[in-house]
Amino acid sequence: MKFDLDSVFIEHGCADSPLATRVLRALPRDVPVTHVGDNETREAARPASGVIDPFGAGKRRLLIARRKTPFLMPCPAGSSKFACCGYLVLTLASNCPMDCSYCFLQEYLADNPAFQVYANFTDSFDELDRLCANAHGRTFRVGTGELADSLAFDSITAISRDLIDFFASRENLTLELKTKTDEIENLLDLDPRGRVLVSWTLSPDAVYRSSEHLTASPAARIAAARAVLDAGYRVAFHFDPLIAYPDAERDYLRLIDELLEVVPPKQISFISVGGLRMTPRLRGAARSRFPADPMLCGEDVLAADGRFRAFMPLRLSLYRTLADRFKKAGAEIPTYLCMEPASVHEHVFGAAPAKAATIGERLARG
Ligand code: SF4
């Protein structure tokens, strides 16, 4: 196991689930396990009052519980204000053992007591089959990396193996596993049959060192991408959040060169790019948890969507620099901007984005 756990909590109703059995088998012996009543899980798993950073403490507490609400939903970043990529989110876990200073979970899951993983996750397969049955002929990109990192803790949950088995047999679904880890061991001996895409968020070393605590290094993420590519998976990369710090342009170009040396452009399914954006509440939480992080202290403005962002000219210049570099690489890599309006797409790419469903289908098909 690559991440430390202080304790594990298991709802009574999940004690005999295959997931709980797997986790208990793989868990180091010194991690205490507590069984809790089905209606008391949140409070039972909560760190003791008086803990200085309860959100951070919650990242080292694993809760196995039953999900009582649907697993599948549209990406929460989608909105009529932004050009959307048609991504669907499958929530099989929530929270993350890594600790990026800019992470939106600090706001979105501010009151979450623990890293939750859902013992009934295979129920989500019925939801996906219903989705396909009701949208005959359409293709969907479905990801598990929105409210959790897709592969963190996979060494003890092995959920990726069930997912890959399921998606490999579904013609019109593509699974996206999104991660900042190099936990790929469970993937390498399976055949995804072209239906599974593994994506990494990439940042320059300066951002990794100052802001992406406990993640795999950028070089390790790129090496992991090469390994899954060789094992038959598709790969994609997210330059998100793109942070406008003094040497950003030089560092991002260097990072892209390092990536393209290992993964040729024609083998990249898509690139997404999105500038650092923070609601006032998230910015407050992030700066108070990471007061020394220089990446959180750039000049920004409150944009029309209520989020602090780098000044538009700075954002556009960075977006264009990345887009030009990928264009020069000589292969048409589908690229989209995350959480930016259509007008920004037009400035960067010279054309308005296609409709969400069209982009989504194109990214899903590869
Ligand atoms: S890896 Fe992703 S989910 Fe985890 S803390 Fe970093 S930004 Fe958040």
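Select helix 7 (residues 159-168). Helix 7 is mostly covered, with 7 of its 10 residues buried (under 20% relative accessible area with a 1.4 Å probe, protein chains only; exposed is over 50%, partly exposed in between). The buried ones are I159, S160, L163, I164, F166, F167 and A168. Helices (H or I, at least four residues) and strands (E, at least two) are DSSP runs, numbered from the N terminus.

This is a predicted model, in which local features need pLDDT of at least 70 and side-chain atom pairs count only at pLDDT 80 or more, while totals for chains, interfaces and linings use all residues. Residues are numbered from 1 along each chain as its sequence is written, and side-chain values use heavy atoms, with hydrogens and water left out.

Next, show the 8-stranded sheet. This open sheet has the order 4-5-9-10-11-13-14-18 and mixed pairing; two strands pair if DSSP finds at least two bridges between them. Its edges are strand 4 (72-74) and strand 18 (335-337), each pairing on one side only. On average, neighbouring strands are turned by 25 degrees against each other, direction ignored. Axes here are lines fitted to C-alpha atoms, for helices over the stretch in contact, and angles run from 0 to 180 degrees between N-to-C directions.

Zoom in on strand 9 (residues 140-143) and strand 10 (residues 173-179), which pair in the parallel sense over 4 bridges. Here G143 has E176 of strand 10 as its bridge partner. Helix 7 packs on this sheet, touching strand 5 (88-90), strand 9, strand 10 and strand 11 (196-201); contact means heavy atoms within 4.5 Å. The direction of helix 7 makes about 155 degrees with that of strand 10.

Now select W200, F237, F239 and Y252, the residues with the most contacts inside the largest nonpolar core, which has 98 residues. Such a core is a set of buried Ala, Val, Leu, Ile, Met, Phe, Trp, Tyr and Cys residues joined through side-chain atoms within 4.5 Å. Leaving aside neighbours within four places in sequence, F237 is in contact with W200, L202, A225, L259, V263, I268, F270, I271 and S272. Another core, of 6 residues, lies apart from the largest one and includes F9, V36, A45 and L63.

Move to the ligand. Around it are K59, C96, M98, D99, C100, C103, L105 and K180, each with a heavy atom within 4 Å. This shell divides into 5 nonpolar, no polar and 3 charged residues; Ala, Val, Leu, Ile, Met, Phe, Trp, Tyr, Cys and Pro count as nonpolar, Asp, Glu, Lys and Arg as charged, and the others, Gly among them, as polar.

Finish at the open sheet of 3 strands, ordered 15-17-16 with antiparallel pairing. In it, V301 stands opposite R309 in strand 17.
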